[in-house]
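I opened the model today to look up its charged pairs and the contact between its chains. My notes follow in the order in which I checked things.

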Amino acid sequence: MSFNPKHVLGIKELSQEEITFILDTAGSFKEINTRDIKKVPTLRGKTIVNLFFEASTRTRTSFEIAGKRLSADTVNISASSSSVVKGETLEDTAQNIEAMHPDIIVMRHSASGACHYLAERLRCSVVNAGDGTHEHPSQALLDAFTIRQHKGEINGLTVAIIGDITHSRVVRSNIYCLSKLGANVRVAGPGTMLPPGLEKMGCTIFKNIEDAISGADCVMMLRIQRERQGASLIPSVREYARFFGLNEQKLKLAKEDAIVMHPGPINRGVELASAVADGAQNVILDQVENGVAVRMALLYLVAGGDKLQQN
Amino acid sequence: MKILVKSGRVVDPKNAIDEKLDVLIVDGKIAEVASNIDAGDAEIINAAGLLVTPGLIDMHVHLRDPGLEYKEDIITGTKAAAAGGVTSVACMPNTKPVIDNLAVVRYVIAKAREQGSANVFPIASVTQGMKGDLLSEMGELKEGGCVGFSDDGLPVKDGEMMRRALEYANTFDAPIFSHAEDLSLVAGGAMNEGPVSTELGLKGIPWVAEDAATARDIMLAEFTAARLHVCHVSTRGSVELVRQAKARGVRVTCEATPHHFTLTDEAVRGYDTNAKMNPPLRSQQDVDAVREGLKDGTIDAIATDHAPHHHDEKNVEFAIALNGIIGLETLLPLTLKLVGEKVLTLSQAVALMTCNPAAILGIDRGSLAVGCVADMTLINPNREWTVEASELQSKSKNSPWIGTTMKGCAVRTLLAGKTVFERS
């Protein structure tokens, strides 16, 4: 199979075969990251712009390292230093960047649909690094990669995702990704954080964490945004931690060999008790490690994949 | 000056007429409606194969003039009206400055009279500057030609203020037009709350934001025995609330827009900002309820909420795009579609765009009775045409139907007997 998408905007548009192909490609890149000389010439001469309108350390660094290990020239632009503060529109900002002929723009933006907006207006490729509360495809792919690494196969697994479902782009991409790969996806969170019609996207909704994680192969905890506290969504972080946080006792409800995941950054003592965050079942740093390989695969495929080597 | 409109199918619900007749216009007024009128020296307009209706009335239009002329002005807005077969519009007060004083009212009416292609009836604000704290001078505004009062998209939040507004407006027998929405429940939402908003990751506006506000305003109208007109009902619940209120004898009327009886929130997929308006496009259930409300008479009028916006205000991320779409030039085909789909009879459809809104606004239009002003629309119900941005008369092109083929259009629009639009 060959798969060279022009853009990567979301998991929704990808088929099961395409997702598997991306994961397999990532698998072949992973080894590069452990070499002494962590660089291959694959994307030499390509320019990648990381255009980040929202603060991000992990994702931006991961994309940057991925690009550099493939020998692309990577440039980072963050909102605080950009012309956005001067009132420039997204279209104008993007067109100015495109005038410098980048091959790929990796964008994170607070508005859902911002990457679609860009893709419709630019000639270069657009990779979504998180748009509003819509999708975060590279996160879902690295999550799937990590689950596959630990469980061998995703088909038939039960994955529970706990937290602020409404405001999570990670959840949306993960529901598409995992359900396409054959997992049973469960979600749970307080009633103020469960959006209507979510089940139509391919998951089962639970009212409490206990039921959601019972017998699960994988428990994915979402970061709770502290600013949601008191903003009519949750009364306090303390209460949230008590009812929806994962501790060792609750984790016993999951399968004995269940893995614990988190897209980071974690709030210790809130959604994740430190004992769990540091416990044997956590694979959080594997996620971060795999993120580089998955992003290398995405950049490689978007840039042309196999065709690239022939040229 | 005599004009004879010959052999058209005259549809005049106000006078229970639906048959092939001639209409004689003398000096801008209807002089005779009969078969085979022989009017000697009259200019003949052959209307064979066409519908002849009273000039259409759109009771909810934003003309953006004064102050926001980069979106639309009275000249272009009324040209768009004429092209859509609309001869009278009621315009909303959210201009700059707000229509809350006689000077602005006189400006709007004079400009429309001197340079416009349609009658313009201003709706003034309920509160001064639409700020929600002081009543507008409704008596004088009504005297100056205003047909009702509305704070439009900044609905009167305070219950006591809404009560007093209804009571005071009732003194002058003017209706309060309510954009019924509890803004605390809208809470910054960008589209209808439901499975589509969940999937797109856009903040939702729940139906209860409209229903709760509609319920309050109906209760206040019932309590004050004053007249309330609910603008652009879009939810199953608000249609039902109006239905029940009417059954109880509350003096309430309401309108629905073509987009709310034609499109669902599925149209937002792809983040099309021309599918962003307020109230938002709702679910299929809501669309069905609005259509049912039109059919059973719960909904009194079809109005477009014509809301022109500049390209730059729509060509942005969905969350920050302005609300609203233009509608004057697509009103007619979208309403006729309901006739084609057997939701409405032709007579019902015409009533919803003529005599019904005329009665709510209290204007002497919407009728082809002898002696009435000869505002008239000649419609080819079968002609197919494609909505092209370059062909639209409106200054703004923010329509979700650009590129769509429609059936039915006005081929000639007469304002007091004078042709203000003709389609070749």
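**Entry 1: a pair within one helix.** I began with A:Lys68, which forms a salt bridge with A:Glu64, and I noted 2.7 Å between the closest N and O atoms. I kept in mind that this is a predicted model, and I treat each distance below as computed from it. I then looked up where the two residues sit: both belong to helix α2 (residues 58-69) of chain A, and because they are four residues apart there, about one helical turn separates them. I also checked how far each partner is open to the outside: A:Lys68 counts as partly exposed at 37% relative accessibility, whereas A:Glu64 has a relative accessible area of 16% and is buried, the cut-off for buried being under 20%.

**Entry 2: two pairs in chain B.** Next I turned to B:Asp18, whose salt bridge with B:Arg9 has its closest N and O atoms 2.8 Å apart. Here I found B:Asp18 partly exposed, with a relative accessible area of 36%, and B:Arg9 partly exposed as well, at 37% relative accessibility.

I then followed the salt bridge in which the side chains of B:Glu222 and B:Arg248 meet, at 2.8 Å from N to O. This pair links distant parts of the chain, since B:Glu222 lies in helix α7 (residues 207-224) of chain B and B:Arg248 in helix α8 (residues 236-248) of chain B, 26 residues apart. I recorded B:Glu222 as partly exposed, with a relative accessible area of 33%, and B:Arg248 as partly exposed, with 43%.

I also noted one network, made by salt bridges that share partners, which joins A:Lys12, B:Glu199, B:Glu266 and B:Arg269. Over all chains I have 37 salt bridges on record for the structure.

**Entry 3: the contact between the chains.** How many salt bridges are there between chain A and chain B? The count is one, and I identified A:Lys12 with B:Glu199 as a salt bridge whose closest N and O atoms are 2.7 Å apart. Across the interface of chain A and chain B I also noted 11 residue pairs in polar contact.

Looking at which elements of chain A give two or more residues to the side that touches chain B, I listed α3 (90-98), α4 (114-121) and α6 (169-180); the largest share, five residues, comes from α4(A). By class, that side of chain A has nine nonpolar, seven polar and seven charged residues.

The contact takes 23 residues from chain A and 14 residues from chain B. For the area buried between chain A and chain B I wrote down about 1400 Å², with carbon and sulfur atoms giving 53% of it. A:Ser112, A:Tyr117 and A:Pro196 supply 31% of the area that chain A buries against chain B, more than any other three residues.

**Entry 4: a buried arginine.** Last, I looked up B:Arg64, which lies in the loop between β6 (56-61) and α1 (74-83) of chain B. What is the nearest side chain of opposite charge to B:Arg64? I found B:Asp152, 6.3 Å away, and B:Arg64 is buried yet has no salt bridge. Its side chain does reach the backbone oxygen of B:Pro308, at 3.0 Å. Among the residues that B:Arg64 touches I noted B:Asn94, B:Thr95, B:Ala307 and B:His309.

Key:
Residues numbered from 1 in each chain as written. Chains lettered and ligands numbered in written order. Predicted model: local features only at pLDDT ≥ 70, side-chain atom pairs only at ≥ 80, totals over all residues. Heavy atoms only, no water. Contact = heavy atoms within 4.5 Å. Buried area = accessible area lost by both parts, 1.4 Å probe. Salt bridge = Lys/Arg side-chain N within 4 Å of Asp/Glu carboxyl O. Polar contact = N/O pair within 3.5 Å; in protein donor to acceptor, adjacent residues only side chain to side chain. Nonpolar A, V, L, I, M, F, W, Y, C, P; charged D, E, K, R; others polar. Buried < 20%, exposed > 50% of the residue type's maximum accessible area, 1.4 Å probe, protein only. Lys, Arg positive; Asp, Glu negative; His and termini not counted. Lists of a residue's contacts leave out its neighbours within four places in sequence.
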